[in-house]
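Reader: Please take a close look at one part of this model for me, and then place that part within its wider setting. I would like one connected account.

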Amino acid sequence: MISRVLVANRGEIAVRVIRACRTVGIEAVLAVSSADRDSAGARLADDTVHLGPAPAGESYLRPELVVAAALGKGCDAIHPGYGFLAESVELAALCEENGIVFVGPDVRALGQFGDKVTARNLAASSGVPVLPASEPITDPRSAPEIAAQIGYPLLVKAAAGGGGKGMRRVSAPDELVPALELAAAEAKAAFGSPVVYLERYVASSRHVEVQVVADTHGSVVHLGDRDCTVQRRHQKLIEEAPAPDLPPHVQEGLRESAVRLCRDAGYRSVGTVEFLVDAATKEYYFLEVNPRIQVEHGVTELVTGIDLVATQLKVAAGEPLPFTQDDVEITGHAVECRINAEDPALGFRPSPGRITTWRTPATGDHVRIDTHCFEGYLVPPYYDSLVAKVMTTGPTRDEAFDRMDDALGDLAIEGVTTTRDLQRRLIARPEVREMTVSTPWLDSLLAAAGPGAGAERPQPQTDPKEHVA
Amino acid sequence: MFDLGEVNLESLIAAVDRSGLTEVTITTADGELRISKAAPAASTAAPAAPAAALPVAATSGAGTSEPAVTAAPVAAVVAAADTPEGPPPGHAHIRTPLLGVFYRAPEPGAPPFVEVGDRVEPDQTVAIVEAMKVFTAVPAGVHGVVREVLVADRDFVEFDQPILVVEIEADAG
């Protein structure tokens, strides 16, 4: 039983979680930094608590302040959103010690899936396909031999990694040792741990992930898959559900693998199992588990009709899942474009500032917008640059994409520079429309187009096959 | 009558800079003087006057040309209209440097750090705030006389919440 949740996040996900709390009849107290006291989430919440100064390191990233805020405000649960402390073992442990429900998996699962090597071994022991990889490299002198067994090209990856940090591609033996050193230094800086390992690199691959939700009564259900292949520097830009153009046996294999892994690991809450799919062979391999609600959860909600955040709150309160696998039906197609306050013409430099114009397309049956922004809102410089998630649906993938073009056309944001125009061009690209993209595709496209690529105005969108780079 | 024109701004700023305070607000009949070290909390009082030394953003934003934020290396002073939450003229709020549980005394049963009527020095501890068993001393930050204690012992306080009202005295040293 949960009656009052501390929402320990900001931006659009804070708004999303507060709305879900209303849906299930729970009070929401929003923890805010000095920069967010006047935010949309703060207005929407039943109460707010001033957590600390604007920099996240002095507010949103401090587990002890978050728990003290929950205790002080009489909250019996903490929802961490995504990012910040969403996967913090420390926060989950503090919650446990203080009798507060952490709306997420338990400490053990967070620890297991937070370490990529442990997660990989768990996946392998559940019979989920994994790429050939090494254990952590403790002695660089042993690396060449291990690398030869795995085969080139390969990746050096951080065990504590994520988001592409601490990751290096190695195409030949002479690059191995320098790459190990660089990756270890990067991993140490980003995650506090220099532990790295080696993994086979698949040159042309897609990013496909499976949404899972599990309760504390042993029920584990998948809600289908998503494709998030269009990425810039490992940051997803376009996501869709279900993942298109996969042979039925691959799609089934992915979904069953994800459920099996979560069941074997005793996972509870919502979570995402990420896979790499070889674009040529369509074979799939386990990448990692994201033990949290994800940015792109909305596209899954749109094709299943299931409120993932509300479900997450219910299972955190100990309720059984209100549906079985057989009840889950995937209908139509949904796509999401992330709109960031960044300037693609300037190397995607963040563009904080006052929003002077904010006009969004009409939302309804086929368009959903998750945002915390409004006209007059000051996008603060302290946090990530996501200002809106535009989602559209259709009975077919093409229709969902056509509606996205309309929706982005009706989206007007002034005062800050955004990725809207770039997104509009991307969703018209034949590679995207025909799903021939791979994860390095966008980076190559942007590199080829030159540094000013993002500054172009959108081309006429009448023919999706038209070349608009 | 306390007159803003008579305030030695430099010594006030220096005092705030030395102290653990993030902000001092002095209200007079003419208006309000605010000295702030951190980003302004909900800047309802000073919409047109960015007040703060902005800490560098961890991920982004540093050095961008956003017009509404200006970086200032030291404490900045803002004169602004009265705010409903501001202290009385000639007085300053001592605010909590962090969120947690407010303690008036160093230990249960001990006399409080300060009582109403006590004179305080900038370095003097006036309260303790505890978050998850970590205790943080709150210095007065100003010369003055305690006129009001705004929070009860063991109450939960948020970041930057006013806890004491101090009548400001001229800097003696």
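Author: Gly41(A) sits in helix H2 of chain A, which covers residues 40–44; helices here are DSSP runs of H or I with at least four residues, strands are runs of E with at least two, and both are numbered from the N terminus. The model is a predicted one, in which local features need pLDDT of at least 70 and side-chain atom pairs count only at pLDDT 80 or more, whereas totals for chains, interfaces and linings use all residues. Residues are numbered from 1 along each chain as its sequence is written, chains are lettered from A and ligands numbered from 1 in the order in which they are written, and side-chain values use heavy atoms, with hydrogens and water left out.

Gly41(A) counts as buried because its relative accessibility is 3%, where buried means under 20% relative accessible area, exposed over 50% and partly exposed in between, for a 1.4 Å probe and protein chains only. Not counting residues up to four places away in sequence, Gly41(A) touches Val15(A), Ile18(A) and Leu30(A), a contact being heavy atoms within 4.5 Å. Gly52(A) lies 11 residues from Gly41(A) along the chain, and their C-alpha atoms are separated by 16 Å.

The wider setting begins with the largest nonpolar core, whose 88 residues include Leu6(A), Ile78(A), Val126(B) and Ile163(B), the members that touch the most others; such a core is a set of buried Ala, Val, Leu, Ile, Met, Phe, Trp, Tyr and Cys residues joined through side-chain atoms within 4.5 Å. Helix H1 of chain A, residues 11–24, gives the most to this core, with 7 residues. A second, separate core has 36 residues, among them Ile339(A), Ala400(A), Ala407(A) and Trp441(A).

In chain A as a whole there are 15 helices and 22 strands, and buried residues make up 60% of its 469 residues. Of the contacts in chain A with a separation of 6 or more, 66% are between residues 24 or more positions apart.

Two peptide bonds in chain A also deserve mention. The bond from Tyr152(A) to Pro153(A) is cis, with omega near -5 degrees, and Pro153(A) lies in the loop between helix H7 (143–150) and strand E6 (154–158) of chain A. The bond from Ala241(A) to Pro242(A) is likewise cis, with omega near -10 degrees, and Pro242(A) is found in the loop between strand E11 (235–241) and helix H9 (248–264) of chain A.
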